[in-house]
Amino acid sequence: MIKTGILNPQINSLLSRVRHTNTLVIADRGFPFWPGLETVDISLVDDLPTVLQVLRAIRPNFQIGKAWMAREFLKYNSAATQAAFAKALQGVELRHEPHLKLKQRVPGAIGLIRSGDTIQYANMILQSA
């Protein structure tokens with residue numbers, strides 16, 4: 001029985017299939033469903049868990065080389081929220097691009113983890129290093 005780290009078997013399975021340069025999406029509660037893309041929905045209630053909580057949980061066992069977020073995230077969120085995301089992605093090359101372009105990257109991902117986050121445009125695509 002696993003006692004530490006990621007306890008969710010679906011997330012463990014998803015993470016174990018990510019290889020070099022593959023991508024993984026961590027999304028907020030409002031992110032669209034993508035037919036054909038494995039989605040692990042762990043939303044419980046508003047803001048539980050958040051995108052940052054999911055990121056912090058997977059980061060010890062997921063080497064991230066690059067990340068993408070929507071440029072709109074910068075427009076609609078406070079400096080404090082932006083700083084929290086920057087800190088959580090410290091050491092990772094982070095690119096912001098229009099939300100529509102970000103969504104075009106989604107079908108190429110290995111999978112998507114849907115959180116209960118309510119922060120606008122909190123979605124991120126992580127590329128393994």
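Five salt bridges are counted in this predicted model, and this tour visits three of them, each of which can be brought up by selecting the two residues named at each stop.

Begin by selecting Arg17 and Glu38, which form a salt bridge whose closest N and O atoms are 2.9 Å apart. With the backbone displayed, Arg17 is found in the loop between α1 (9-16) and β1 (23-27), while Glu38 sits in the loop between β1 and β2 (39-41), so this pair ties together parts that are 21 residues apart in sequence. If you then turn on the surface, Arg17 counts as partly exposed at 36% relative accessibility, and Glu38 is likewise partly exposed, with a relative accessible area of 30%.

Next, select Glu93 and Arg95, where a second salt bridge on this tour has its closest N and O atoms 2.7 Å apart. Glu93 is partly exposed, at 37% relative accessibility, and Arg95 is partly exposed as well, its relative accessible area being 37%.

For the last stop, select Arg105 together with Glu97, a salt bridge in which the closest N and O atoms lie 2.7 Å apart. Which of these partners is buried, and which is partly exposed? Glu97 is the buried one, because its relative accessible area of 7% falls under the 20% cut-off, whereas Arg105, with a relative accessible area of 30%, is partly exposed.

Definitions and conventions: Residues numbered from 1 in each chain as written. Predicted model: local features only at pLDDT ≥ 70, side-chain atom pairs only at ≥ 80, totals over all residues. Heavy atoms only, no water. Salt bridge = Lys/Arg side-chain N within 4 Å of Asp/Glu carboxyl O. Helix = DSSP H or I, 4+ residues; strand = E, 2+ residues; numbered from the N terminus. Buried < 20%, exposed > 50% of the residue type's maximum accessible area, 1.4 Å probe, protein only.
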